[in-house]
Structure formats: structure tokens, C-alpha cells
Amino acid sequence: MQDLVLIGAGGFGREVAWLVSNINRVKETWNLIGFIDNNSALKGETINGIPVLGGVEWFGTREANISVVSTIGNAKTRRKSISELSRFSYINYVTLIDPSVVMSEWVDIGEGSIICAGSILTVNITLGTHVIVNLDCTIGHDAVIGDYSTLYPSVNLSGNTLVNNNVELGTGSQVIQGITIEEGTIVGAGAVVVRDLPANCTAVGSPAKPIKFN
């Protein structure tokens with residue numbers, strides 16, 4: 001079994017710990033040794049039976065290789081958390097996929113990504129690095145999802161879509177076929193995206209329209 005730590009002890013971190021236990025029930029793969037969280041008040045606490053080891057400085061006490069996944073849902077914060085770890089050469093970013101995921105062999109997934117229970121990925125799909133696909137999402141053929149992007153629960157992403165880096169698709173949002181969503185954009189919960197969306201905006205509604213630029 002490989003030693004594993006999760007970056008972030010929040011709600012999604014606890015869900016990913018459950019995902020890890022699901023993997024281990026099928027095949028013993030991960031020795032989950034704890035959470036890393038920069039909230040100093042959590043250091044030494046135990047959350048759902050898993051210790052909070054401390055903040056990023058904990059990696060300075062480690063010499064052997066260690067597997068890591070960031071479980072921070074916000075795309076920009078997750079990217080920052082990974083950047084903080086760049087000085088530690090012995091960190092290996094791994095991908096976690098719940099055993100219940102239905103996925104073809106024609107899916108390319110970058111390091112550090114997480115695919116949660118109940119999701120379906122069809123064919124010729126590309127996921128970048130440190131992508132989160134939350135519970136019960138569907139991703140259609142030839143979709144491309146950029147680095148650090150997040151699909152919150154029950155997102156439906158149709159075929160031939162392009163989701164650029166650092167995008168967040170809110171819970172229950174739908175993106176029709178052939179749509180491009182540019183970098184840094186946030187799509188609100190329940191939105192229906194029927195037209196391309198520009199970079200760094202927040203878009204809501206049905207059809208989804210930008211309401212502000214970030």
C-alpha cells in the first residue's frame with residue numbers, strides 16, 4: 001500500500017477519504033495517513049478517524065516519497081495549494097477514481113485528478129491535471145476539461161465541449177454540445193449553457209449569461 005495524504009480537511013476532503021476507503025474495499029491500494037490543512041486550529045484533530053497532520057510545513061519533515069491529492073473544491077485555491085508544494089521533490093500527485101465510476105478505456109486523465117462516485121465518462125475525453133469531477137456527473141464524447149477545473153455534483157457536460165483551465169461548473173449545471181467555456185469562468189448552480197462563455201466571468205440562468213466579470 002502507498003502512503004497518501006489529502007490536502008484540505010473540509011467537507012470535500014472527508015468525501016474523498018470515503019472515496020479512498022471505497023477503493024481499498026475493492027483492492028488495498030492506499031494507506032491514508034492524514035489530512036494536510038493550513039488551518040492551525042485543526043492540527044492534531046481527528047476527523048472521521050483520520051488525523052490532521054498539520055499545514056504544508058509537515059512535508060518538510062518527510063523524506064520518503066508520498067502520494068498527494070488536493071481536495072480543495074475552489075479551482076483557484078486548489079491551484080495555489082499545489083503551487084505551495086512545488087518545492088518538495090518527493091511528492092507524487094496521484095489520480096483517485098471511485099470504483100463505481102463508469103468510464104471507457106478512451107479517457108485520458110491528468111495527475112492529481114479526482115472522479116467521484118456515480119459519474120459517467122464516455123469516449124475520447126481528456127481531463128487535465130488536478131481536475132475534480134464530483135458526484136453523479138456525466139461527460140460526453142470528445143469533451144476536454146482543462147487543468148484545475150471543477151465539476152460540482154450532477155453536472156451534465158455534453159460532447160465536443162471545451163472547458164478551459166480554472167473553470168467551475170456549479171451543481172446541476174448543464175452544458176450543451178459544442179460549447180466552449182473560457183478560462184477562469186464560474187457557471188452557477190442549475191445554469192444551462194447554450195452559448196460560448198468568455199473568460200473570467202460568472203454566468204447564471206437558463207440560458208446562462210454573464211452577470212459579472214472577475
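This text walks through a predicted model, from one helix to its cysteines, a buried arginine and some backbone details.

Start with helix α1. It covers residues 11-26, which is 16 residues. From first C-alpha to last, α1 reaches 24 Å, close to the 22 Å expected at 1.5 Å a residue. Several of its residues are buried: Phe12, Gly13, Val16, Ala17, Leu19, Val20, Asn22, Ile23 and Asn24. An α-helix has 3.6 residues a turn, so residues three or four places apart point the same way. What lies over the buried residues of α1? The cover includes strands β1 (2-7), β2 (30-36), β4 (50-54), β7 (96-97), β10 (114-115) and β13.

Strand β13 leads on to Asn134. This residue lies in the loop between β13 (132-133) and β14 (138-139). Asn134 counts as buried because its relative accessibility is 6%, and the cut-off for buried is under 20%. Beyond residues up to four places away in sequence, Asn134 touches Phe12, Glu15, Cys116, Ser119, Leu151, Tyr152 and Pro153. One of these partners, Phe12, is a buried residue of α1. Another partner, Cys116, brings up the cysteines.

How many disulfides does the whole structure hold? A search finds zero. The closest cysteine sulfur to that of Cys116 is in Cys137, 8.0 Å away, so the pair is too far apart for a bond. A disulfide would need the two sulfur atoms within 2.5 Å. Seen from the other side, Cys137 is in no disulfide either, and its nearest cysteine sulfur is that of Cys116. Are these two cysteines buried or exposed? Cys116 counts as buried, at 5% relative accessibility. Cys137 also counts as buried, at 1%.

Now turn to a buried charge. Arg78 lies in helix α2, residues 75-84. Arg78 is buried yet has no salt bridge. Which side chain of opposite charge is nearest? That is Glu168, 6.6 Å away. A salt bridge would require a side-chain nitrogen within 4 Å of a carboxyl oxygen. Arg78 does have a polar partner: its side chain makes a polar contact with the side chain of Thr150, at 2.9 Å. The surroundings of Arg78 can be listed too. Leaving aside neighbours within four places in sequence, Arg78 is in contact with Ser70, Ile72, Gly73, His130, Val131, Ile132, Tyr148, Ser149 and Thr150.

Next comes strand β3, residues 46-47, which holds Ile47. Ile47 counts as buried, at 15% relative accessibility. Apart from neighbours within four places in sequence, Ile47 is in contact with Ala9, Arg14, Phe35 and Val52. Gly13 of α1 is 34 residues from Ile47 in sequence, and their C-alpha atoms are 10.0 Å apart in space.

Backbone angles come last. Asn48 sits in the loop between β3 and β4. Its phi is near 50 degrees, a positive value in a residue other than glycine. Asn48 is exposed, with a relative accessible area of 63%. Asn124 also has a positive phi, about 55 degrees, although it is not a glycine. Asn124 is placed in the loop between β11 (120-121) and β12 (125-127). At 44% relative accessibility, Asn124 counts as partly exposed. Where does Pro207 lie? It is found in the loop between β24 (201-204) and β25 (209-213). The peptide bond from Ser206 to Pro207 is cis, with omega near 5 degrees.

Notes
Residues are numbered from 1 along each chain as its sequence is written. This is a predicted model: local features need pLDDT of at least 70, side-chain atom pairs count only at pLDDT 80 or more; totals for chains, interfaces and linings use all residues. Side-chain values use heavy atoms; hydrogens and water are left out. Helices (H or I, at least four residues) and strands (E, at least two) are DSSP runs, numbered from the N terminus. Buried means under 20% relative accessible area, exposed over 50%, partly exposed in between (1.4 Å probe, protein chains only). Lys and Arg count as positive and Asp and Glu as negative; His and the chain ends are not counted. A polar contact is a pair of N or O atoms within 3.5 Å; within protein, one must be able to donate a hydrogen and the other to accept it, and residues adjacent in sequence count only if both atoms are side-chain atoms. Contact means heavy atoms within 4.5 Å. The expected span of a helix is 1.5 Å times one less than its number of residues.
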